[in-house]
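User: Could you walk me through this one? I'd like to ask about it bit by bit.

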Amino acid sequence: LATSSIKHNTLCVASIVRYKRKYVTQILYAPL
Amino acid sequence: STVAILPTSLPQIHRANLLASGLPTAASISPLVNKKSKTKWHFGIRSRSYPLDVMGEIYIALKNLGAEWAKPSEEDLWTIRVRWKYDVSQKNNEVVPDLMKIVIQLFQIETNNYLVDFKFDGWENSRGIPLPLSKITDDEMCTFSAYPFLHLTTRLIMELAVNS
Amino acid sequence: DSIEALDMEQKLSLTAIRQFLKSKTSYDVLPVSFRLIVLDTSLLVKKALNVLLQNNIVSAPLWDAKTSRFAGLLTSDDFINVIQYYFSNPDKFDLVDKLQLGGLRDIERAIGAVPLDTESIHPSRPLYEACVMMLNSRSRRIPLIDQDEETSREIVVSVLTQYRILKFIALNCRETHFLKKPISELNIIAKGNLRSCQMSTPVIDVIQLLSQGNVSSIPIVDDDGRLINVYEAVDVLGLIKGGIYNDLSLSVGEALMRRSDDFEGVYTCTEHDKLSTLLDTTRKSSVHRFFVVDQSGKLEGVLSLGDILRYILLGE
């Protein structure tokens, strides 16, 4: 799990996932 | 080719033209500063607290969130194997796995600097029905959606942030 | 003969490009490594705006944690709906300020806006299919959706845009160099009753024009009809960011003062230009559309990326 510092009371987390032969960094922004 | 960029549409020129036209409010409106603050990423969450306190905080947060965990083995007190029911309204009661497994592990980066790492560890379903073995080829194995995992970790991080 | 040859070359090139689009999948358009930003529907609209601007994007898929499913796309249309709602209900500032992304559908219904389509396609389907679907999509975007192999829940893998598709064609189809007929002969330029405004027009009136016309830009002309600037749907994000809800009586010229300095400018062309040139421009710059002007800079028409894509797929 990758995280970034909380800004504007918003959390941002991410995961790098392989999709077939490519790589997607799936990033989710959610309220704190 | 007569393709061109319209000079009067460039922000600096537009602003100069508007100010020259003497519009009173024009001077008070500043351009959006699109600071490309590149997101700084970290692995997991860092902590400078005493290791056992960190583990205690995590267990309390997991308990508050209704998650369960396997009893840690003596030789590995710094790893928590979590199982977390993530129940969503099913469509036509399809058998969808609803127990997400996560491994939470504490690492020491340097003296007084620790890292809590979260790893997705697959799904189970609470009715114990065995998961259909993935019948697709290895190449297509990777149709994995991280969003349920990301959602539960945000819940846990929020709980830890609120408690601390 | 030369006209005959030009015509034949154009037709053969289009056939080759269509063949190419049928031989590729949407998955092929994806870079080897890319990111996808998704917003939780419980996020406040004003926070979501910060996220879009911070990441220099104008749209993002929404994810509903309660159902663990994707809940459509956030686009500039949503922000236009919010501005129109607030303009008709100035007493509802509090509601707008605390509005969550999940509440945008209620705003849409409250102002009677046409809901955005939620068409999507599997990444492994032929790219040609996604292109045809794109032509009918109001959001001008097509989410690529697959299924998580363990939980059979939806995954939004990425979102295809008209620009991404045209750029992919311009980068990979050498036949685009042979599209040499002048665009005036292709019957693809939107002319006639073009919605336009002047620099002094109140920005709220321009926003109404965007919404009623289901267009993504309104040209700004001077008294002689010469094109001097363009107000784009994405400019609304800067308007809201600046908290200029309160002062929607600003003129569109003043509202454009919000544009950030890295705005590339408005692309113009004349009707003598060819698609080969326009596609080459798309390959090199992030162009949103082309405004067709005459020698004196008078506005004659507009050529959107959708018009170009439609011609490539179905023209001739």
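Analyst: Sure, here are some questions and answers on the chains, a cavity, a surface patch and some charged pairs. This is a predicted model, in which local features need pLDDT of at least 70, side-chain atom pairs count only at pLDDT 80 or more, and totals for chains, interfaces and linings use all residues. Residues are numbered from 1 along each chain as its sequence is written, chains are lettered from A and ligands numbered from 1 in the order in which they are written, and side-chain values use heavy atoms, with hydrogens and water left out.

User: In what order do the elements of chain A run from the N terminus on?

Analyst: Helices (H or I, at least four residues) and strands (E, at least two) are DSSP runs, numbered from the N terminus. Chain A has zero helices and three strands, and its C-alpha trace spans about 35 × 10 × 10 Å along the principal axes. The order from the N terminus is β-β-β.

User: Is A14(A) buried or exposed?

Analyst: The cut-offs here are under 20% relative accessible area for buried, over 50% for exposed, and partly exposed in between (1.4 Å probe, protein chains only). A14(A) sits in strand β2 of chain A, a chain in which buried residues make up 66% of the 32 residues. With a relative accessible area of 3%, A14(A) is buried.

User: How far apart in space are A14(A) and V24(A)?

Analyst: In sequence they're ten residues apart. Going C-alpha to C-alpha, the spacing between A14(A) and V24(A) is 10.0 Å.

User: What share of chain B counts as buried?

Analyst: Chain B has three helices and seven strands. They run β-α-β-β-α-β-β-β-β-α from the N terminus. Of its 164 residues, the share that counts as buried is 39%.

User: Which element gives the most to the lining of the largest cavity?

Analyst: A cavity is a set of points, on a 1 Å grid over the protein atoms alone, where a 1.4 Å probe fits but cannot get out, and lining residues have an atom within 4 Å of a point. There are three cavities of 30 Å³ or more, and the largest holds about 100 Å³ of space, a volume being the space filled by probe spheres set on the points, which are joined across faces, edges and corners. Two or more lining residues come from each of β1 (2-7) and β2 (10-19) of chain A and α3 (45-54) of chain C. The top contributor, with four residues, is α3(C).

User: How many charged residues are in that lining of the largest cavity?

Analyst: The lining includes S4(A), H8(A), Y29(A), T39(B) and K47(C). Ala, Val, Leu, Ile, Met, Phe, Trp, Tyr, Cys and Pro count as nonpolar, Asp, Glu, Lys and Arg as charged, and the others, Gly among them, as polar. By class there are three nonpolar and seven polar residues, and the charged ones number two.

User: Which residues make the nonpolar surface patch of about 420 Å²?

Analyst: Patch members have over 30% relative accessible area and no salt bridge, with nonpolar side chains (Val, Leu, Ile, Met, Phe, Trp, Tyr) joined within 5 Å and like charges within 9 Å; the areas come from the Shrake-Rupley method with a 1.4 Å probe, and for residues only the protein chains shown count as cover. One member, W78(B), lies in the loop between β4 (68-69) and β5 (79-85) of chain B and is partly exposed at 33% relative accessibility. The full set is Y50(B), L52(B), L77(B) and W78(B).

User: How many residues apart in sequence are the parts that K181(C) and D7(C) tie together?

Analyst: A salt bridge puts a side-chain nitrogen of Lys or Arg within 4 Å of a carboxyl oxygen of Asp or Glu, and K181(C) and D7(C) form one with their closest N and O atoms 2.5 Å apart. K181(C) is buried at 8% relative accessibility, whereas D7(C) is partly exposed at 24%. K181(C) lies in the loop between α8 (162-172) and α9 (203-213) and D7(C) in helix α1 (residues 2-23) of chain C, so the parts they tie together are separated in sequence by 174 residues.

User: Which residue does K46(C) form a salt bridge with?

Analyst: K46(C) is partly exposed at 37% relative accessibility. The closest N and O atoms of the pair are 3.2 Å apart, and the partner is D97(C).

User: Is D222(C) buried or exposed?

Analyst: D222(C) meets R226(C) in a salt bridge (3.4 Å, N to O). R226(C) is partly exposed at 34% relative accessibility. D222(C) has a relative accessible area of 19%, so it counts as buried.

Note on methods
1 Å grid on protein atoms, 1.4 Å probe; cavity = no way out; pocket = protein on both sides within 12 Å on 5 of 7 lines; lining within 4 Å.
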